Amino acid sequence: MDEPENEPASELASEPEDEPIDTEPLTDPSVPYGTPPEQLNRPPEPARPPFSSVADLVAKVRSREMSAVEVTNLYLTRLQYYEVRLGAVVRITREQALAAAEAVDEKIRQGADEELFLAGVPVVVKDNLCTADCPTTAASKILEHFEPGYDATAVERLRRAGAIVIAKASLDEFGMGSSGGFSTLGSCRNPWRLSDMAGGSSGGSAAAVAASLCMLSLGTDTGGSVRQPASFCGLVGLRPTYGLVSRFGVIAHACSMDQVGPMGRYVEDVARAMQVLGGYDPRDPTSLAVEQPDYLAACEKPLVLDDKPVRIGLPKEAHEAISDPLLRDVFETAISRFADNGATTQWLSMPMAKHGLAAYHLIAAVEAASNLARYDGVRYGRRASLAEPTSDEEVLSALYKRSRQEGFGPEVRRRIILGAYLRRFGHKEDLFGRACQVRTLIAREFAQAFEQCDVLLLPTVPIIGFAVEDTPNVPLELYQTDVFTVGASLAGLPALTFMAGAVRTTTTTPTSPVGMQLIAPRLQETLVLRVAAVYQRLTTFHKLEPKDYLDSEEDPFGV
Amino acid sequence: MSIDEEPYKHRPLEKEPLFDKEPEAPKPPPKPRAPLVVSAEEVLACAQWARLDPSPEEVEALRQDLSDVLAFARSFDELDFTDVPKTKYGAASPCPLRGDVVEPQRAFSTLLNNSPASQDRFLVVPVVFGGASDNKDKNDGNSADGNRDGSDDNADSNQTAEQAD
């Protein structure tokens, strides 16, 4: 920062202006969700992309069977067409994406494609990850015009591997929410069932992959924000060990738990993304300097560790907490699938886990209140226009208060106030301190569980999904959907959700995917990938495609 | 294995009759909320501290929401916290720190463009001096520094925007 300070003003003035950022507006935002296709006056429905996996796409682009520009155009067309129905993205970066694709093609033409592990792969990035070439809003009014001017490390690594960022995904404001409904930019729908929410907070990232608007996406997971929407949308979503993927360039929510995670349709796709994303980053002080394993190779291994069957632990309390018989059915079937195919399974008691939810929300609120104190309407972000102030002394205070009150949405304000309350009045009982102690107890309980098993299996979310109109408006009820995911967040463990089944309640309702979660000890991402990959080899659920978002509203199985 | 057969395993054919239309499930009665233990004054004090300006209705809603969360945390009472250390950080070793060296920064104009108002190489903020000083909140005075020294303020902005911590 010394540099600009020491330069004479004239030189600064002659510095070229930043290019205006060219982003395309979303397709007619005035068209409401659920508008029948015949009223939309739309072009013919785009075809499904002809790629069976990320590896297939990369091979086609690198062998020049298809150019990255062609691939990008194909996905941009889909994005433009279906976005109006899903609300999955907040900004389509068409020009930047096509320029990046052109550069990837050029590299391939020159034969410099050894590093292009994700050549031409269209990705959508959650809008709380900074991007150099377009604004980053965290779906908040307070950052509506924020242009970071740099890439988050995770985004930078994807781009370096040849991936093309085609859009920024919608999210709950600052990643705070479990529904996808707390965004200033509208809620995000589930492509499997448009009447349902996509989940949150990385709802847009999940919906975009599920509807084949991109091949991979990045989300962030604080208390389950990658796993929960990935589960609702029938995807594979990985929350890596805390510190494995750099948080540099992530707009902070709760620093001690925030983690960037990839989502994709298949386990191998997510493993391929991890191959690029993982690794030490000096710009993140919590980044782990550990050697990266071969995530892709792990996907091909059997359910055997050191010549012994993989031991899968099953938390009894999680099973008891499920009230939906369909969900229990999928859980039990998944258990028997693993047991029938070489793994050993055993029920474990994890009584501490039920305290995790309260501990998580207290800790996250305190950290969020601190992190969000930086938005004051002065240095960057939105500034409220002040009415005539009554006196000088009120000007600054009013400026801060009104900028923040107008800039933050209701859920964010609620969490800030809760965080402020815990720090100011919580001393009597030291609630925050006790929450931090519960965190220790939970980490210990996981450690004990991993003495008896190698990996834990439990549902990702205690429900199959919720309809938009049934989204709870009492915060505490909504928080309940995080009950199975916060444990791994508090303990900083790797956790992965995969599509373990599909259910529907009646013949006329669309199918809903059901996700199961695998939790492994620290830095054992390869283990969760391996176990989930075995499940994918045993079943065909991951090959099902949502159809509710299509013009021709067919159910995957027909009726 | 065919895609067509597999998912039917989980359909509740044997357990429940299939309906032509989704049955109208009776809505469960709303769950009782926790008794109010947070006063409006406390909420307003927090709002003042957190620099928010909630409406009277929002204050009432916040009292209930905070009371709910605090009641929820009552479950901690059944735990034994003797000799349990507090986990406050997510970081674990090895997390080496980077060297303390100056690295190239982003273009000054990019940083300045993110401020709500700027002129030349300075941030523009409303006039806050000239009358009675605000003793209630000391931080207000500090932040007003931006008025005098644009580049200092920008360094600060750079740090907050760049580093997730």
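Start by selecting A:G237 and A:T497: these two stand opposite each other, with A:T497 sitting in strand β14 of chain A. Keep in mind as you look around that this is a predicted model.

Now widen the selection to the strands themselves. A:G237 brings you to strand β7, residues 236-239, which pairs with β14 of chain A in the antiparallel sense over three bridges. Next, pick residues 512-519, strand β15 of chain A: here the pairing with β14 is antiparallel too, over eight bridges. For one spot to zoom in on, try A:L496, whose bridge partner in β15 of chain A is A:L518.

Stay with β14 a moment and select residues 495-503 of chain A. Nine of the nine are buried, so the strand is largely enclosed by the rest of the structure.

Time to visit the core. Select A:F174, A:L457, A:F498 and A:M516, the residues that touch the most other members of the largest nonpolar core, which has 189 residues. Then colour helix α13 of chain A, residues 356-371, because you'll find that it gives this core its largest share, 11 residues.

Back to A:F174 for a close-up. Leaving aside neighbours within four places in sequence, A:F174 is in contact with residues including A:I142, A:L143, A:H253, A:Y375 and A:F408.

Finally, zoom out to the whole of chain A. You're looking at 19 helices and 15 strands, and buried residues make up 66% of the 559 residues. Switch on a surface: chain A exposes about 18,200 Å², with carbon and sulfur atoms supplying 50% of it.

Methods:
Residues are numbered from 1 along each chain as its sequence is written. Chains are lettered from A and ligands numbered from 1 in the order in which they are written. This is a predicted model: local features need pLDDT of at least 70, side-chain atom pairs count only at pLDDT 80 or more; totals for chains, interfaces and linings use all residues. Side-chain values use heavy atoms; hydrogens and water are left out. Helices (H or I, at least four residues) and strands (E, at least two) are DSSP runs, numbered from the N terminus. Buried means under 20% relative accessible area, exposed over 50%, partly exposed in between (1.4 Å probe, protein chains only). Accessible areas come from the Shrake-Rupley method with a 1.4 Å probe; for residues, only the protein chains shown count as cover. A nonpolar core is a set of buried Ala, Val, Leu, Ile, Met, Phe, Trp, Tyr and Cys residues joined through side-chain atoms within 4.5 Å. Contact means heavy atoms within 4.5 Å. Two strands pair if DSSP finds at least two bridges between them.
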